[in-house]
Amino acid sequence: MIDRARGWCEAPGCTRLGRIVDHVVSRRDGGPDTLDNLRYLFVPHDHQIKELSRGGRALGGTFKPNAPCGPDG
């Protein structure tokens with residue numbers, strides 16, 4: 001999966017290096033540990049869609065449009 005991303009964040013439009021492997025569908029919700037259910041993310045993008053303690057994901061698991069991914073995140 002990191003090879004697929006070539007080290008870059010897989011959030012749409014991001015030009016930063018990825019640092020976090022994230023499940024698209026969380027394991028809590030039955031998501032498998034398969035390459036097609038994993039994505040490589042820049043840390044601020046991972047924080048945008050973190051799994052919530054009550055279940056589900058922040059922002060419904062989608063990224064903010066035009067989310068900042070410049071030097072200041």
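## Salt bridges

R4 is partly exposed, with 44% of relative accessible area. This residue belongs to a predicted model, and its partner in a salt bridge is E10, with 2.9 Å between the closest N and O atoms. E10 is partly exposed as well, at a relative accessible area of 29%. As background, side chains of opposite charge can pair when their charged atoms come close.

How many salt bridges does the structure hold? The count is 3, and R4 with E10 is one of them. Another joins the side chains of R39 and D22, at 2.8 Å from N to O. That pair ties together distant parts of the chain, since R39 sits in strand β2 (residues 38-41) and D22 in strand β1 (residues 20-23), 17 residues apart. Are R39 and D22 buried or exposed? Both R39 and D22 are buried.

The side chains of D33 and R27 also meet in a salt bridge, with an N to O distance of 3.9 Å. For this pair the setting is on the outside of the burial scale: D33 is exposed, and R27 is exposed too.

## The chain as a whole

Let's step back to the overall layout. The chain has 2 helices and 2 strands, and reading from the N terminus the order of elements is α-β-β-α.

Of its 73 residues, 38% count as buried. The accessible surface of the chain is about 4800 Å², and carbon and sulfur atoms account for 53% of that area. If you take the contacts between residues at least 6 apart in sequence, 46% of them join residues at least 24 apart.

## The nonpolar core

Which residues make up the largest nonpolar core? There are 6 residues in all: C9, A11, C14, L41, F42 and I49. In soluble globular proteins, nonpolar side chains tend to be buried together.

Two cysteines of this core deserve a closer look. C9 has a relative accessible area of 7% and C14 has 12%, so both count as buried, the cut-off being under 20%.

## C9 and its surroundings

Where does C9 lie along the chain? C9 is placed in the loop between α1 (2-5) and β1. Its C-alpha atom is 9.7 Å from that of V21, a residue 12 places away along the chain.

Setting aside neighbours up to four places away in sequence, C9 touches C14, R16, L17, G18, Y40, L41, F42 and H45. Among these contacts, C14, L41 and F42 are also named in the largest nonpolar core. Another partner on the list, Y40, falls within the residue range of strand β2 (38-41).

## Cysteines without a bond

A disulfide is a covalent bond between the sulfur atoms of two cysteines. How many disulfides does the structure hold? The number is 0. C9 is in no disulfide, and its nearest cysteine sulfur, the one in C14, is 3.8 Å away. Why does that pair not count? A disulfide requires the two sulfur atoms to be within 2.5 Å, so the 3.8 Å between the sulfurs of C9 and C14 does not qualify. The two cysteines are nonetheless in contact and belong to the largest nonpolar core.

Notes: Residues are numbered from 1 along each chain as its sequence is written. This is a predicted model: local features need pLDDT of at least 70, side-chain atom pairs count only at pLDDT 80 or more; totals for chains, interfaces and linings use all residues. Side-chain values use heavy atoms; hydrogens and water are left out. A nonpolar core is a set of buried Ala, Val, Leu, Ile, Met, Phe, Trp, Tyr and Cys residues joined through side-chain atoms within 4.5 Å. Buried means under 20% relative accessible area, exposed over 50%, partly exposed in between (1.4 Å probe, protein chains only). Contact means heavy atoms within 4.5 Å. Helices (H or I, at least four residues) and strands (E, at least two) are DSSP runs, numbered from the N terminus. Accessible areas come from the Shrake-Rupley method with a 1.4 Å probe; for residues, only the protein chains shown count as cover. A salt bridge is a side-chain nitrogen of Lys or Arg within 4 Å of a carboxyl oxygen of Asp or Glu.
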